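Okay, everyone, thanks for coming. I'd like to walk you through one model today, so let's put it up on the screen.

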Amino acid sequence: MGSQRRLLLVSSSTVHGGGYLGHCQQQVGSFFGQKVKRVLFIPYALHDRDAYAKTAREKFESLGYGLDSIHESSDPVEAVRKSEAIFIGGGNTFRLLKALYDNSLLQEIRKRVLEDGIPYMGSSAGTNVATLSIHTTNDMPIVYPPSLQALGLVPFNINPHYLDPDVNSTHMGETREKRILQYHEEPETPPVLGLYEGAMLLVEGDTATLQGVTGAQLFLRGQKPTKHEPGTDFSFLLMDSNFQKP
């Protein structure tokens with residue numbers, strides 16, 4: 001499946017004390033390289049797409065790339081077919097996925113990335129939709145996509161903005177860990193990689209490496225969650241092996 005696949009899946013667009021994509025701009029430049037001249041931006045996760053495109057365009061131009069926003073195109077499918085690279089930003093994951101379905105873009109993006117080999121970058125919601133499904137998003141279902149199935153560029157799920165339980169908190173709501181463990185109570189649920197803010201996963205073909213300044217928490221159904229530092233090789237997650245326990 002993944003011989004042509006190149007993905008940069010970022011937990012969050014910003015981290016505390018930094019600007020938009022500031023914490024990962026070095027990785028963005030290395031990822032897109034010099035061959036890519038223009039990036040197709042998909043701002044569907046936010047309501048104000050003009051303002052969102054302006055923010056993304058300013059950042060990418062500062063890194064030496066032109067940026068076209070798909071919402072400005074009269075034919076979104078054709079825009080994807082002609083794109084050199086794709087970046088899907090954060091916001092509400094349900095809104096984003098619904099718009100991808102509404103514009104008939106899932107198969108088009110999947111083909112461009114998995115078959116044609118163009119680079120795909122996602123941040124937050126854009127990372128969520130790159131995975132098997134959005135079952136493990138943190139967002140509220142403010143709209144209803146036809147399905148929770150997403151692009152399936154990797155055979156597992158990601159939980160961006162992952163937070164460890166606060167042992168000193170008196171909050172009685174469920175922690176992120178408990179919610180993911182509840183997800184894994186359901187049969188045949190795939191692994192979930194919880195990416196802390198400041199972390200990202202670089203996928204090149206059948207190799208996946210954790211990058212950034214923080215780390216990740218890995219959830220495999222029926223097993224105790226494990227913490228991992230930047231540099232961890234997560235290539236085994238790209239195999240369509242059956243991680244699920246009965």
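Quick bit of vocabulary before we start: two strands pair if DSSP finds at least two bridges between them. Keep in mind that this is a predicted model.

So, with that in hand, strand 10, residues 216–219, and strand 11 pair in the antiparallel sense, over three bridges. Within that pairing, L218 stands opposite T226 in strand 11.

Those two strands belong to an open sheet of four, in the order 6-7-10-11, with mixed pairing. At the edges you've got strand 6 (157–162) and strand 11 (226–228), and each of them pairs on one side only. On average, neighbouring strands here are turned by 25 degrees against each other, direction ignored. Packing on the sheet is helix 7, residues 176–183, which touches strand 6, strand 7 (192–196) and strand 10. The direction of helix 7 makes about 170 degrees with that of strand 6.

Now over to helix 1, residues 25–32. Which residues are buried there? That would be V28, F31 and F32. They cover an arc of only 80 degrees around the axis, so they end up on the same side of helix 1. Over on the other side, Q26 and S30 are exposed. The buried ones pack against several elements, including strand 1 (6–10), helix 2 (49–62) and strand 8 (199–204). Right after helix 1 comes G33, with a positive phi near 65 degrees.

How far do we trust it? The protein averages a pLDDT of 93, and 95% of the residues score at least 70. Over residues 242–246, though, pLDDT stays under 50. Where pLDDT is low, the predicted coordinates shouldn't be read in detail.

Methods. Residues numbered from 1 in each chain as written. Predicted model: local features only at pLDDT ≥ 70, side-chain atom pairs only at ≥ 80, totals over all residues. Heavy atoms only, no water. pLDDT = per-residue confidence, 0-100. Contact = heavy atoms within 4.5 Å. Buried < 20%, exposed > 50% of the residue type's maximum accessible area, 1.4 Å probe, protein only. Arc of directions from axis to C-beta. Axes fitted to C-alpha atoms, helices over the stretch in contact; angles between N-to-C directions.
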